[in-house]
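Biologist: Got a minute to walk me through this one? I'd like to understand how the pieces fit together.

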Amino acid sequence: ETSSWNFTKTTDETISCRDAFAYWKSYEFCKRPVSSKEERIGSWKMKKTVYAAFSTEVIHEGHKNILEEAKKYGDVIVGVYSNEAILRFDRFPTTSFEYRMELFQQYPGIHQVVVQNSVSYRENLLKYRPDFVIHGDNWKWNEQKKVRDEVVEILKQWGGQLIEVPY
């Protein structure tokens with residue numbers, strides 16, 4: 001049995017998922033005015049995305065602060081460092097990768113949890129193209145400065161922004 005997904009464009013018009021995608025890609029979508037009649041559920045407004053990466057095995061207050069700030073900007077995608085990536089930080093993980101993934105999957109308001117296979121954000125940034133990357137401001141001057149500089153350069157490709165939260 002197949003189901004048909006319908007989305008509401010305005011209060012008196014519904015269209016199929018295939019038509020919705022075609023409309024979203026069209027020039028008309030890009031130039032259309034925002035109507036007060038549009039419904040918020042199923043409307044055509046695209047929500048911004050925020051990417052944050054963590055190697056942590058415990059979510060402490062500093063991490064919570066970053067995550068709560070991230071939620072203010074859009075849907076949050078959390079990249080959890082793989083065991084191999086953590087080893088590149090010159091430390092051994094004391095919990096399993098699965099545990100760390102679950103830690104963030106259970107955190108309220110996280111849209112998606114993904115694997116980050118490298119200390120570099122490059123792979124995930126190019127894959128998800130977030131509007132924002134959020135991180136504690138401590139990486140401005142520590143061993144992660146090179147990673148930060150790479151993030152800034154990658155975000156420039158599509159006008160993304162780096163948000164740095166006091167850490």
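Modeller: Sure, and keep in mind that this is a predicted model. Let's start with the sheet: five strands make an open sheet, paired in parallel, in the order 5-4-3-6-7.

Biologist: Which strands stand at the edges of that sheet?

Modeller: Look for strands that have a single partner, so that one side is left without a neighbour in the sheet. Going from one strand to the next, the twist averages 25°. The edge positions belong to strand 5 and strand 7 (161-165).

Biologist: OK, now strand 4. How many of its residues are buried?

Modeller: Strand 4 covers residues 75-81 and is mostly covered. Asp-75, Ile-77, Gly-79 and Tyr-81 point one way, Val-76, Val-78 and Val-80 point the other way, and all are buried. So the count, with buried meaning under 20% relative accessible area, is seven of seven.

Biologist: And which residue in strand 4 is the bridge partner of Ala-53?

Modeller: Strand 3 (residues 49-54) runs parallel to strand 4, and six bridges join the two. Helix 3 (residues 61-71) completes a right-handed β-α-β unit with this pair of strands. The partner of Ala-53 is Gly-79.

Biologist: What about the other neighbour: which residue in strand 5 pairs with Val-78 as its bridge partner?

Modeller: Strand 4 and strand 5 (residues 110-116) also run parallel, with six bridges between them. The bridge partner of Val-78 is Val-113.

Biologist: Val-115 sits in strand 5 too. Is Val-115 buried or partly exposed?

Modeller: Val-115 does have company: setting aside residues up to four places away in sequence, it touches Val-80, Ser-82, Phe-97, Met-101 and Asn-124. Val-80 is 35 residues away in sequence, yet the C-alpha to C-alpha distance is 5.1 Å. Still, the relative accessible area of Val-115 is 31%. Buried would need under 20% and exposed over 50%, so Val-115 is partly exposed.

Biologist: Over to the other end. Which residue in strand 7 is the bridge partner of Val-133?

Modeller: Strand 6 (residues 132-136) and strand 7 are parallel, joined by five bridges. The partner of Val-133 in strand 7 is Leu-162.

Biologist: And what angle does helix 7 make with strand 7?

Modeller: Helix 7 (residues 145-156) packs on the sheet and touches strand 6 and strand 7. Its direction relative to that of strand 7 is about 145°.

Biologist: Last one: at what angle does helix 3 run to strand 6?

Modeller: Helix 3 lies across strands 3, 4, 5, 6 and 7. Against strand 6, the angle is about 160°.

Methods
Residues numbered from 1 in each chain as written. Predicted model: local features only at pLDDT ≥ 70, side-chain atom pairs only at ≥ 80, totals over all residues. Heavy atoms only, no water. Buried < 20%, exposed > 50% of the residue type's maximum accessible area, 1.4 Å probe, protein only. Helix = DSSP H or I, 4+ residues; strand = E, 2+ residues; numbered from the N terminus. Pairing = 2+ DSSP bridges. Right-handed = clockwise from strand over helix to strand, strands pointing away. Contact = heavy atoms within 4.5 Å. Axes fitted to C-alpha atoms, helices over the stretch in contact; angles between N-to-C directions.
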